[in-house]
Amino acid sequence: MRRLAQLDLHRSLPGALRRIRAIARNEIRQLRHDRLALGFVVGVPLVQLALFGYAINQDVRGVATAVLDRSQSAASRRLVGELVATQTLRVRRAVATEEEGRRLLAGGDVQAVVVVPPDFARRSLRGRGAQVSILVDASDPLVARAVRLAADGLAGELAARAATSGAHPDLVAAAPFILAVLPFYNPELRTPVYVVPGLVGVILTTTMILLTAVALVRERERGTFEFLIGTPVRRSELMVGKILPYVGIGLLQVFLILAVGRLLFRVPAEGSLVSLALASLLFIAANLTLGLLISSGVQTQLQATQIAFFFFLPSVLLSGFMFPFDSMPAPARWLGELLPLTHYIRICRAVLLRGSPAWSLPQDLAALAAFFAVGLVIASRTFRKQLG
């Protein structure tokens, strides 16, 4: 009996191998004709390599800075040059008053304001505690820590120079050179305060795109679009009707995340939640139209999920959610400006952390509105009320 079993196994093994080889050959043939699958095999590794190796930079450089120089002296200009030489700060503009500097800081136009006092040159010359204040937007703790590290390093270097130069003949003991970094909006430098407002946009991007794309493709697979054939419903009306229920779901998610963030992580809500809700409507609508675009170009739910993931990864990495936006290379910033998540995160952090209304960032609101309008037009034109 054992010999017979071994003989049957020996005879059946070549047949099994032939069948396995035939199935594998057929699968390879199908993959060769599946352009989307081939695109993911080649495209996803290349995109991830480019994003992580080139666009993502944890070294904070070029922090947008405004300067209020009340001294207007050679010493103050030399100090500003020393700060720029650290490569952490990049002077964008000069301001006339501290109120103007704080307004730019609150609006997100700059992330730091250097304030030089009127008596800076005299105190610096005599070594009597020349002090300069740097107001920094600490809603991003990584930026605030980098500015503080650069300021401390420069202050120590300047104090060491003064101590060894032999200047200050009228001084008994040289006072240290002081660069005081004053953190605004997140003085404790808590990471959840920075992460949660951005997480609102990330979660909305994931759920809104996937819900819309997968739901429409599922209807097409089940044949429920048959009922729309021959009806007087226009394509644009169908698009709006499809995304309208998900708008309410998105708003519910926004306030759920904010409530939990407030309860668990003490994330503040300094600005108007009404203005944030209006901005959220634009952002949700923009993501839903992207879901419509995806659903109009694929045939299966798996393909819809793959395309959504392909869009989601660059959105998270290039939007400023995880890494300082201004520290990324210029091409990465250009791509980031084309993503709705970039603009919504700016609005969300401005409203929640800095207390600014959403309409104080008109360029970001206009970008969201444009993305929604263009996406809706393209989706309505590419969508077909047909089974195929």
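The following conversation between a trainee and a mentor goes through a predicted model of a protein chain.

Trainee: How many helices and strands does the secondary structure of the protein chain come to?

Mentor: Since this is a predicted model, what we describe is computed from its atoms. The protein chain has 388 residues, of which 45% count as buried. Its secondary structure comes to 13 helices and 5 strands.

Trainee: Among contacts between residues at least 6 apart in sequence, what percentage join residues at least 24 apart?

Mentor: Contact here means heavy atoms within 4.5 Å. When we take the contacts in the protein chain between residues at least 6 apart in sequence, the share that join residues at least 24 apart is 80%.

Trainee: Which strands do the buried residues of H4 pack against?

Mentor: Helix H4 covers residues 98-107, and its buried residues are Gly101, Leu104, Leu105, Ala106 and Gly107. After H4 comes Gly108, which has a positive phi, near 80 degrees. The strands that the buried residues of H4 pack against are S1 (63-69), S2 (89-94), S3 (112-116), S4 (131-137) and S5 (178-184).

Trainee: Which residues are joined into one network by salt bridges that share partners?

Mentor: A search of the whole structure finds 6 salt bridges, and one of them brings together the side chains of Arg102 and Glu98, at 3.0 Å from N to O. Both of these residues lie in helix H4, 4 residues apart, which is about one turn of the helix. An α-helix has 3.6 residues a turn, so residues three or four places apart point the same way. Salt bridges that share partners make one network of Arg70, Glu98 and Arg102.

Trainee: Does Arg354 count as buried or exposed?

Mentor: The side chain of Arg354 meets that of Asp137 in a salt bridge, at 3.3 Å from N to O. This pair links distant parts of the chain, with Arg354 in the loop between H12 and H13 and Asp137 in strand S4, 217 residues apart. Asp137 counts as buried because its relative accessibility is 4%, under the 20% cut-off. The relative accessible area of Arg354 is 13%, also under 20%, so Arg354 counts as buried.

Trainee: Which helix supplies the largest share of the largest nonpolar core?

Mentor: The largest nonpolar core has 39 residues, and those that touch the most other members are Val200, Leu204, Leu276, Leu288, Tyr344 and Ile347. Helices H7 (191-222), H8, H9 (273-297), H12 (340-353) and H13 (362-382) each supply at least two residues of this core. The largest share of this core, 9 residues, comes from H12.

Trainee: How many residues does the other core have?

Mentor: In soluble globular proteins, nonpolar side chains tend to be buried together. Apart from the largest core lies another one, which includes Ala75, Leu89, Val143 and Leu179, and the number of its residues is 29.

Trainee: Are the rings of Phe283 and Tyr344 stacked or edge-to-face?

Mentor: The structure holds 2 aromatic pairs. In one of them, the rings of Phe184 and Tyr185 have centres 5.9 Å apart and planes at 65 degrees, which is over 60, so this pair is edge-to-face. The rings of Phe283 and Tyr344 have centres 4.3 Å apart, and because their planes are at 5 degrees, under the limit of 30, the pair is stacked.

Trainee: In which helices do Phe283 and Tyr344 lie?

Mentor: Phe283 is buried, as is Tyr344. Their pair links distant parts of the chain, since the two residues are 61 residues apart, with Phe283 in helix H9 and Tyr344 in helix H12.

Trainee: Does Leu263 count as buried or exposed?

Mentor: Leu263 is placed in helix H8, which covers residues 235-265. Together with Leu256, Val260, Leu264 and Phe265, Leu263 forms a nonpolar patch on the surface, with about 510 Å² of accessible area together. The relative accessible area of Leu263 is 71%, and because this is over the 50% cut-off, Leu263 counts as exposed.

Definitions and conventions: Residues are numbered from 1 along each chain as its sequence is written. This is a predicted model: local features need pLDDT of at least 70, side-chain atom pairs count only at pLDDT 80 or more; totals for chains, interfaces and linings use all residues. Side-chain values use heavy atoms; hydrogens and water are left out. Patches are made of residues with over 30% relative accessible area and no salt bridge: like charges are joined within 9 Å, nonpolar side chains (Val, Leu, Ile, Met, Phe, Trp, Tyr) within 5 Å. Accessible areas come from the Shrake-Rupley method with a 1.4 Å probe; for residues, only the protein chains shown count as cover. A salt bridge is a side-chain nitrogen of Lys or Arg within 4 Å of a carboxyl oxygen of Asp or Glu. Buried means under 20% relative accessible area, exposed over 50%, partly exposed in between (1.4 Å probe, protein chains only). A nonpolar core is a set of buried Ala, Val, Leu, Ile, Met, Phe, Trp, Tyr and Cys residues joined through side-chain atoms within 4.5 Å. Rings of Phe, Tyr and Trp (its six-membered ring) pair if their centres lie within 6.5 Å; planes under 30 degrees apart count as stacked, over 60 as edge-to-face and the rest as tilted.
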